[in-house]
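Visitor: I have a few questions about how certain labels are earned here. Could you walk me through them?
Guide: Gladly, let's look together.

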Amino acid sequence: MSSTNATEPALIEFSEVIKTYGKGTSEFQALKGVNFVIHEGEFVAIMGPSGSGKSTVMNTLGCLDTPTAGHYLFQGVHVESLNRDQRALLRRNYLGFVFQGFNLLARTTAIENVELPLLYRGMKRHERQTAARKALQLVGLEEWENHSPGELSGGQQQRVAIARALVTNPKVLLADEPTGNLDTARSQEIMELLSRLNRDLNITILMVTHEAEMAAYANRLIHFVDGLVEQDAYQEPKS
Amino acid sequence: MIWNAFLLAIREIRRNLMRSILTMLGIIIGVAAVITMVTLGNGATAKVTAEISSLGSNLLMVRPGQRMGPGRDSSGAKSFSLEDAEAIRNGVASIVAVAPTASASVTAVFGNDNWSTTITGTNNDYFQTGNWSFAEGRQFSETELKSGKPVCVIGKTISKELFNNEDALGEKIRLGSFSCEVVGLLQSKGQSMMGSDQDDTIIMPIKTVQRRLTGNQDVRMIRISVKPDIDTDVVNRAITMLLRDRRHLSDNEKSDFSVMDTQEITNTLTGTTRVMTMLLGAVAAVSLIVGGIGIMNIMLVSVTERTREIGIRMAIGALEREVLWQFLVEAIVLSSLGGIIGIILALSASYFGSMLMGVPLIIDYAIVTLAFVFSAMVGVVFGYFPARNAARLNPIDALRHE
C-alpha cells in the first residue's frame, strides 16, 4: 500500500495532541495525547463511543479548533501556531467539509450553494458556474442545479454538500457522520460516492462514524476510546 | 473583497425579500418624511416671500411705541400728527408717498344690511403705498381731504356685504352718527399673508375720521413708500433722526416709536416658516433614526437566526473580516436602497403636496443628498454592531447552533 511508503511526506501528523476544555475543577480532557500520521489518498474512518474524543479530533483536523498542547502538522505547517485568519485560509484552500445535517443554505439553489466557497476565493462568475456544474456532475446532480434544498431529498442534499466540499479541489475531505441523517439505501449511495471519489480523484477522506457498516468502506480504521487512539489498522475496503 | 461582500449581500437580500422590504420600511419612511417636510417647508417660505413682495417691498411703516408683537405697549407713547407726516414728506429724500393713517372700528349700515368693519382715514398716497388700484370711481379730491368731507372708498368685501356687488357709487353708507358717500371701489386684493381679509375696508380722508370718529388729532401710523432701488435702511435712519428731533428725544433716550420695513417683516415671516421647516425636519429625522434602530434590530435577529449559516461560511473558509463585511454591507445596502426608495417617494409626495397646498415645488438637492448619505450612514452605524457579533462567533459553536 502506497500510504506505508516512508519516503512520501505525511499529509497530516498528530503528535501528543492534548485538548482540554474548561478550567479548574470543571476541567475536562477530551484528547489525552493523540498520535497518528495520515498520508495522501487514504480513506480513514474514525470510530468510537460518544465522549471518546472523535468529534474533537475532527474539529482539530478541520482547523476549527486548536490543540491545547502537542503538534498538528498539515503538510509540514504547524497548525497550532496559526491565527484565526490563517486557519480560515487553510480551510478555504485545502479542506472540504461534509456535515451530518448537510448544512446547506436554505432558499438557495443547489448551484449557488456549491458556488459559495468559490465566492470567497474571488472567482469570476463564469468560472464559478463552470466549476460548480462540474462538481454537481461528479455527484450526479447536474439535473437539479436550480432546486433549493427544500425541494431535494436528504440523499440529494448530502450530495450537494459533497459537491460544495469538492468544488475547490481540496486535499482533504472531512466528513462528520455524513450518513447520520439518512436511511440505509441512501447511506450506501453516499458511501459509494465517497469511496469512488477517494479511488478516482485520490482525495484523502477523513470520516467520523459510529456505524461499522459505513466504516467498512474506508481503508483505515482509527478507534478512539477515552481520548486516546485504542486501535489503528488498515483494512481491505468494501466496494 | 468588498465587491464580493456586495454580491453576498445582494444574494442575502434576495433570499429574504419580505424581511428586507420590512426592514427598509423604516428608512424609506424616514427619508421620505425628511425630504417632503423640507421641500414643502421651502415652498411655503417662498410663497410667503412672494406674497410680501406683492405688497410692496419698499414700504416703511412708522408707529408710536416700540415694536410690534406680544407685549407691545404703545399706550404711553405719544401719537404722531399730520405735521409729522408733512415733515417726513418734505424732509426726507427718496420718498414717493407718505400716508398718515388713523383708524376706527364701526358698524356700517346700508338699507337693511349692516357690517362691522374698520375705517382707515388717510390721504391719496395710501392707495400707492398699499398697491391698491381702483375698480370704479375715483380718489379723494383736494377739497375733500382738506375739509374732511364725508366721502369714502370701499373694498370688495364691503361692496359685497352691503350692496350685493351692485353699483355702490354715489350711495350713502351710514356710520353711526353720520353718513358718507361712496366715491370709489377698490380692486380685490384677497387675503393677506396673516390670513385677514384685505378687502374688508373703508377708506376716508383722515380729517373726516379724526373729526367724526376718533375725536382727536392722532395719527396711529404713517406708511411711507420709498423709491425703488433705494436702500430702505438709509431712509429708515433719516426718518428716525427726523422724528427723534421733532419729539425732542435726547441722545441717551430710546425712540418711543418704531419704523418697520417690509423687508424686516419678510425676514420675520420667512424666519418663522424656516423654523417650522426645521422643526418638522427634526421630527422626521427622529423617524429616520428609529428606522435605523429597526435595521439594527433585524440585523441582530438575523445574526442569531443565521448563526449556523455563519458557521458554514467560516468552515468553508470565510475570514472573520469577510463575515463582518458581509453583514455590514448587507445593512448598508438595505439602508441605502431604503434611502433611494424614500427619495423617489418623497419627490412624488412633494410634487402632489405642493400642488395641493398651492406652494411652489422647490427641491433642495442638498437635503436629498444629505438624507441619502445619512441613510447609508445609518446602515454603517447600526449594522456594525450585529456584523461584529457575527464575525466574532466561534465556528464550532456556530455550526452546532440549532
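Visitor: Are A:Glu42 and A:Arg220 buried or exposed?
Guide: Both A:Glu42 and A:Arg220 are buried. Keep in mind that this is a predicted model.

Visitor: Why is A:Arg220 called buried?
Guide: The relative accessible area of A:Arg220 is 4%, and buried means under 20%, so A:Arg220 earns the label.

Visitor: What makes A:Glu42 and A:Arg220 a salt bridge?
Guide: Their closest N and O atoms are 2.8 Å apart. The cut-off is within 4 Å, so the pair counts as a salt bridge. The pair links distant parts of the chain, 178 residues apart: A:Glu42 sits in the loop between E2 and E3 of chain A, and A:Arg220 in strand E9 (residues 220-225).

Visitor: Which salt bridge joins A:Arg220 and A:Asp232, and what does the pair tie together?
Guide: Their side chains meet at 2.8 Å, N to O. A:Arg220 is in strand E9 and A:Asp232 in strand E10 (residues 228-234) of chain A, so the pair ties together parts that are twelve residues apart in sequence.

Visitor: Why is A:Asp232 called partly exposed?
Guide: A:Asp232 has 34% relative accessibility. Partly exposed lies between the limits of under 20% for buried and over 50% for exposed, so A:Asp232 is partly exposed.

Visitor: How do you know that A:Glu40 and A:Lys171 form a salt bridge?
Guide: The N to O distance is 3.7 Å, and the rule asks for within 4 Å, so the pair qualifies. This pair also links distant parts of the chain, 131 residues apart. A:Glu40 is partly exposed at 33% relative accessible area, and A:Lys171 is partly exposed at 29%.

Visitor: How many salt bridges are there over all chains?
Guide: The count comes to 27.

Visitor: Why are H3(A) and H4(A) called oblique?
Guide: The axes of helix H3 (residues 110-120) and helix H4 (residues 125-138) of chain A come within 9 Å and cross at roughly 125 degrees. That angle falls outside 65 to 115 degrees for roughly perpendicular and is not over 145 for roughly antiparallel, so the two helices are oblique to each other. Their crossing is right-handed.

Visitor: Why is B:Met18 called exposed?
Guide: The relative accessible area of B:Met18 is 58%, and exposed means over 50%, so the label fits. B:Met18 lies in helix H2 (residues 17-54) of chain B. Together with B:Leu22, B:Leu25 and B:Ile29, B:Met18 forms a nonpolar surface patch with about 410 Å² of accessible area.

Terms used
Residues numbered from 1 in each chain as written. Chains lettered and ligands numbered in written order. Predicted model: local features only at pLDDT ≥ 70, side-chain atom pairs only at ≥ 80, totals over all residues. Heavy atoms only, no water. Patch = residues over 30% accessible without salt bridge, like charges linked within 9 Å, V, L, I, M, F, W, Y side chains within 5 Å. Areas by Shrake-Rupley, 256 points an atom, 1.4 Å probe, with all protein chains shown as cover. Helix = DSSP H or I, 4+ residues; strand = E, 2+ residues; numbered from the N terminus. Buried < 20%, exposed > 50% of the residue type's maximum accessible area, 1.4 Å probe, protein only. Axes fitted to C-alpha atoms, helices over the stretch in contact; angles between N-to-C directions. Parallel < 35°, antiparallel > 145°, perpendicular 65-115°, else oblique. Left-handed = near helix turned anticlockwise from the far one by under 90°.
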